[in-house]
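Me: Can we go through this model together, one question at a time? Short answers are fine, as long as the reasoning is there.

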Amino acid sequence: MKFKMGEILKDFTVFTEQLETFILSYGKKTSVAKSGLNSTILRPCNKPNICDFSVAAAMVERLKIKDLNITAFSEELKKESSHWPFPIKSCIITAKGSLSINLHRPSVFKHVLSTVSQLGDQYGKSEASIQDPAKAPPGVSVVNNSLLRAERERRATEENVEVSLNQLRGLLLTEHLSRLIREAGFQVNHLTPTTPAFSKVLTQFGLGSIYKHTADISSEESSRCETQQQLILAANSSKYRIHSESGRQDDKGSGQRSDDVGLGQRSVGNDVKGHGRRRDEQEVLDLSSEVQLDLQQFIAEEKLAHGKSGYDKNLQRVTVVSSNGTPSPVMMQCCTIEQGLSQLQPPPSHLIHVSSQDMGFRQQQVDLAWRLCTGHASLPGINQHHVTHGPVAVCGAGFKGTISASELLRLRESQTREASILKYGEEVQGEGWESLIHRLTIAGLKFEILGKQHRHMLKLDLSNSHNNSTWPDSRDGVFVMYNYARLCTLFSRFEQEVKKATYPPLPSISTIDFSLLREDQEWGLAFNYVLQYPVMLSECVSDLQNGKGPHLNIQTHRVCSFLASLCRDLSSYYSHTHILGEPRPHLIAVMFARLYLLRSVHQVLKNGFSLLNIEPLSQM
């Protein structure tokens, strides 16, 4: 699927390309073709008091910009950029030899803030996602190993199994990943079914909507058995099946564990999907022997990338039918994938496996085994990718080992309640406060878990305070919620004053004089956050957009860190700037410009919460 950028992202991309082309080709001293550059030469600067973009001194030297008449260069650039999405005000060579470039701020303020005002909740989304999400092709399907593993554990014990912290991290990562991909214009489908046994914890964390529950158990089981039979028949007849007796004895690389045996169900069916042939009705499939597939041979023949950037070099063979005739866990996952994909027309272009690091090897086996059992071995139609996350460890006085997801939620709610009582007093009671505390806790936990790079180990400090703060270690989420609510209160107060005729109503943005926004912090909020929000989202999923794989580095942690950083700068600005000033004409004009800036910041926060599936609070 071709990625269609949203308006601001498109403008930003066009602007940087135009600026780089101008710099490289100015004066015909260096042509774009001869520059030998494979990456951008521009660096956005996040320090408003210095510049907006810069070119490093070494690059300035290489491109011989110093040899040019910098005054003529600057004037020509200003003239040329007057037709660009973001006009340029000035550029100079600094004392350190770098090229410093500043934008024409009033023009950028008006363009960016007008776009946010126009798009609202759609700001940051790709063009395809905005136009008609329902008609977007089913570009990505997602398989979550955490939920499949938990479901197998429940079936094996016939008891409700608590969701572990590792599984919770996988579930939250899957949800956030899915929302990021939808923002980029893909339609996302989840192939991981669940049962009512997990509905409580999924609902607690706001995850219930992305996983489908099995309504008709008997019908689902019948369909699963039929699909399972078809895949086993295909594995039996595959050219990659290992027939030697020694193949059964050497299980290295198969990832088979003794406790995996017996979780499947033997079944018999008729058709083989994807192979263009039908079993004779009289033919009986012999499942009395083990079935293994040679993954090493397949990887070599297809010339698939292996090693650090590709498939694990230890992938040799995989067991799809155990020696007692039962399907292996790998085959059961292949069946889940095939069942889910069979309901999608047209089929997706990408299939993403989300798993913990300890199950990453198994998911690569599932990836390859599914190809061999469905006729997709040599077809480029569906690209498979893997997103793995590190384990979760807990620390803190009195905590040893690990706790379940539900226990973590209860603990964080208790800590948040205690912190709220210390801040607001004994009024913290009743259903309203309990709902607020729950929502604050969920927001805090999502920031706490998703705010770390998914490949790294996540350490949760469960102690009652952190760095002399009464709030638990999930305070980033609470801080962002507080700043969102603070803006809601500001806009509510403004509307109340408008009704009292203290202020005139907020006029059309086309009439606003943004040259009145002269503070560097105001420019920082617009340039570093409002403008950069769509750019940041695009960079989060660039691996998928560029078709890289099999390992995807989706930078899910950047949304949380972006929102937290935005709120730190917002809080600093809000603390020393009086937004709703006296109703004097010259002060009202500045107030209107600031209100439009803060409305855009508020919209970015709201859209960021949506990506995290967090219900924000309008007051705290």
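Reply: Sure, one term up front: buried means under 20% relative accessible area, exposed is over 50%, and partly exposed is in between (1.4 Å probe, protein chains only). This is a predicted model, where local features need pLDDT of at least 70, side-chain atom pairs count only at pLDDT 80 or more, and totals for chains, interfaces and linings use all residues. Residues are numbered from 1 along each chain as its sequence is written, and side-chain values use heavy atoms, with hydrogens and water left out.

Me: How many of the nine residues of helix H18 are buried?
Reply: Helices (H or I, at least four residues) and strands (E, at least two) are DSSP runs, numbered from the N terminus. Helix H18 covers residues 532-540 and is mostly covered. Its buried residues include Tyr533, Met536, Leu537 and Cys540. The buried count for H18 is eight.

Me: Which helices do the buried residues of H18 pack against?
Reply: Contact here means heavy atoms within 4.5 Å. The buried residues of H18 pack against H1, helix H7 (165-183), H17, helix H19 (542-545), helix H20 (557-576) and H21.

Me: What kind of aromatic pair do tryptophan 523 and phenylalanine 527 form?
Reply: Rings of Phe, Tyr and Trp (its six-membered ring) pair if their centres lie within 6.5 Å; planes under 30 degrees apart count as stacked, over 60 as edge-to-face and the rest as tilted. Tryptophan 523 and phenylalanine 527 sit four residues apart in helix H17, so about one helical turn separates them. Tryptophan 523 is buried at 1% relative accessibility, and phenylalanine 527 is buried too, with a relative accessible area of 3%. With 5.5 Å centre to centre and 15 degrees between the planes, the pair is stacked.

Me: And what is the angle between the planes of phenylalanine 12 and phenylalanine 53?
Reply: Phenylalanine 12 is in helix H1 (residues 7-25) and phenylalanine 53 in strand S2, 41 residues apart, so to speak linking distant parts of the chain. Both phenylalanine 12 and phenylalanine 53 are buried. They form a tilted pair, 6.2 Å centre to centre, and the angle between the planes is 35 degrees.Me: What is the strand order in the open sheet of four strands?
Reply: Two strands pair if DSSP finds at least two bridges between them. S1 and strand S2 (residues 53-55) run antiparallel and are joined by two bridges. The edge strands, each pairing on one side only, are strand S1 (43-44) and strand S3 (88-93). The pairing is antiparallel, and the order is S1-S2-S4-S3.

Me: What angle does the direction of helix H3 make with that of S3?
Reply: Axes are lines fitted to C-alpha atoms, for helices over the stretch in contact, and angles run from 0 to 180 degrees between N-to-C directions. Helix H3 (residues 70-81) packs on the sheet, touching S3 and strand S4 (99-103), and its direction makes an angle with that of S3 of about 160 degrees.

Me: Is alanine 501, with its positive phi, buried or exposed?
Reply: Alanine 501 has a phi of about 70 degrees although it is not a glycine. It lies in the loop between helix H16 (475-499) and helix H17 (520-530). With a relative accessible area of 63%, alanine 501 is exposed.
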